Amino acid sequence: MSLHINLDELHETAVAVARKGGEHTLSYFGKSIDVDRKDDATPVTAADREAEQIMRAEIGARFPDHAILGEEYGESNPGARVRWILDPVDGTQSFIHGMPLYTTLVAVEVEGTPLCGVIFAPATGELCEAARGRGCRMNGSACKVRPCGSLEEATFLSTDAVSAEDYGFGDPFREMLDRCRIHRTWGDAYGHMMVAAGRADLMFDPIQNLWDAAPLLPVLEEAGGAFRDVHGEATIRTGNGISCGKELLPGVLKLFGG
């Protein structure tokens with residue numbers, strides 16, 4: 001039996017939750033803060049933890065029966081048919097170095113399908129949001145991926161210049177570097193947002209967690225583009241992600257053997 005939901009209510013709440021969590025991170029941004037290391041050696045700060053707690057409280061007050069999966073505190077209400085997926089600080093390395101290209105991410109899954117996505121860059125004041133069938137907006141104005149038919153015309157973004165090699169994608173990454181018009185490391189979710197907003201043409205992430213990828217699929221689709229894994233699947237669950245326009249997608253996937 002299908003689940004009746006109010007998509008507009010979920011979407012509006014997702015935007016509010018991203019804003020509230022992201023704005024809290026600004027109280028730490030650009031200041032000297034303690035950085036801890038998780039078991040996988042990735043950094044985490046009080047800003048990550050406190051922002052996620054704030055976001056969880058906001059969702060729980062409105063939708064106490066929904067599941068919440070967050071990077072810092074795991075999953076509550078597992079098995080619920082609506083699940084919120086949170087990353088309070090995506091791009092923690094940018095955050096702890098005082099670089100403004102970090103984001104706060106919110107996605108809403110309904111029966112396993114991400115229907116709402118929000119990418120909020122608190123330090124730059126940019127908020128990109130989308131819901132299935134409602135289009136994509138940047139700061140309230142409709143946005144679309146821009147036309148780009150070839151790698152030679154493309155602005156290519158990545159988070160860094162070494163992780164593709166580390167995760168077995170060195171050859172396609174080097175070919176993108178060689179063929180694309182320009183390459184910049186405006187990365188993490190901010191890079192995917194730049195593709196959705198029509199400011200760049202291609203973003204590649206060789207490694208993603210579920211909370212990194214979940215908002216990107218609805219955002220890119222509603223912006224008229226594509227979010228795919230290296231095999232061409234429209235999924236958030238295989239640990240890597242490509243954002244680009246649909247014209248560019250076949251040429252990009254060819255580099256990965258697809």
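**Exercise 1. Strand β6**

Task: In this predicted model, determine how many residues of β6 are buried and how they are divided between the faces of the strand.

Solution.
Step 1. Count the buried residues. Eight of the eight residues in β6 are buried, so the strand is mostly covered.
Step 2. Sort them by face. One side carries Thr103, Leu105, Ala107 and Glu109. The other carries Thr104, Val106, Val108 and Val110. Both faces are covered.
Step 3. Look at the neighbouring strands. β5 (residues 82-90) runs antiparallel to β6 and is joined to it by seven bridges. Within this pair, Val82 has Val110 as its bridge partner. β6 and β7 are also antiparallel and are joined by seven bridges. Here Val106 stands opposite Val118.
Step 4. Inspect the turn. The hairpin of β6 and β7 has two residues between the strands, and Glu111 takes a positive phi near 50 degrees.

**Exercise 2. The whole sheet**

Task: Find which strands stand at the edges of the open sheet.

Solution.
Step 1. Write down the strand order. The sheet has eight strands, in the order β4-β3-β5-β6-β7-β8-β9-β10, and its pairing is mixed.
Step 2. Read off the ends. β4 (74-76) and β10 (141-142) each have a single partner strand, so one side of each lacks a neighbour in the sheet.
Step 3. Check the β4 end. Three bridges join β4 to β3 (residues 67-70), and the two strands run antiparallel. Leu69 has Glu75 in β4 as its bridge partner.

**Exercise 3. The nonpolar cores**

Task: Name the elements that give two or more residues to the largest nonpolar core, and the one with the largest share.

Solution.
Step 1. Start with the members. The core holds 33 residues, of which Ile119, Cys128, Met193 and Val219 touch the most other members.
Step 2. List the contributors. The strands are β6 (103-110), β7 (113-121), β8 (126-131) and β9 (135-138). The helices are α6 (188-196), α7 (210-213) and α8 (216-222).
Step 3. Compare the shares. α6 gives six residues, the largest share.
Step 4. Separate the other core. A second core of 22 residues includes Leu10, Met55, Trp84 and Leu127.
Step 5. Follow one member of the largest core. Beyond its neighbours within four places in sequence, Cys128 has contacts that include Ile119, Cys136, Met193 and Val219.

**Exercise 4. Helix α2**

Task: Work out whether the length of α2 agrees or disagrees with the expected span, and where its buried residues lie.

Solution.
Step 1. Test the length. At 1.5 Å a residue, the 17 residues of α2 (residues 46-62) should span 24 Å; the end C-alpha atoms are 25 Å apart, which agrees.
Step 2. List the buried residues. These are Ala47, Asp48, Ala51, Glu52, Met55, Arg56, Glu58 and Ile59.
Step 3. Place them around the axis. They fall within an arc of 160 degrees, so they line one face of the helix.
Step 4. Recall the geometry. An α-helix has 3.6 residues a turn, so residues three or four places apart point the same way.
Step 5. Look at the N-terminal end. Thr45 caps α2 there, with a side-chain oxygen 3.1 Å from the backbone nitrogen of Ala47.

**Exercise 5. Glu129**

Task: Decide if Glu129 is buried or exposed, and find its polar partner.

Solution.
Step 1. Locate the residue. Glu129 lies in strand β8.
Step 2. Apply the cut-off. Buried means under 20% relative accessible area. Glu129 has 9% relative accessibility, so it counts as buried.
Step 3. Find the partner. The side chains of Glu129 and His11 make a polar contact of 2.7 Å.
Step 4. Add the surroundings. Leaving out residues up to four places away in sequence, Glu129 also touches Val15, Gly117, Val118, Gly135, Cys136 and Arg137.

Conventions:
Residues are numbered from 1 along each chain as its sequence is written. This is a predicted model: local features need pLDDT of at least 70, side-chain atom pairs count only at pLDDT 80 or more; totals for chains, interfaces and linings use all residues. Side-chain values use heavy atoms; hydrogens and water are left out. A nonpolar core is a set of buried Ala, Val, Leu, Ile, Met, Phe, Trp, Tyr and Cys residues joined through side-chain atoms within 4.5 Å. Buried means under 20% relative accessible area, exposed over 50%, partly exposed in between (1.4 Å probe, protein chains only). Helices (H or I, at least four residues) and strands (E, at least two) are DSSP runs, numbered from the N terminus. Contact means heavy atoms within 4.5 Å. Two strands pair if DSSP finds at least two bridges between them. The expected span of a helix is 1.5 Å times one less than its number of residues. The arc is that of the directions from the helix axis to the C-beta atoms. A polar contact is a pair of N or O atoms within 3.5 Å; within protein, one must be able to donate a hydrogen and the other to accept it, and residues adjacent in sequence count only if both atoms are side-chain atoms.
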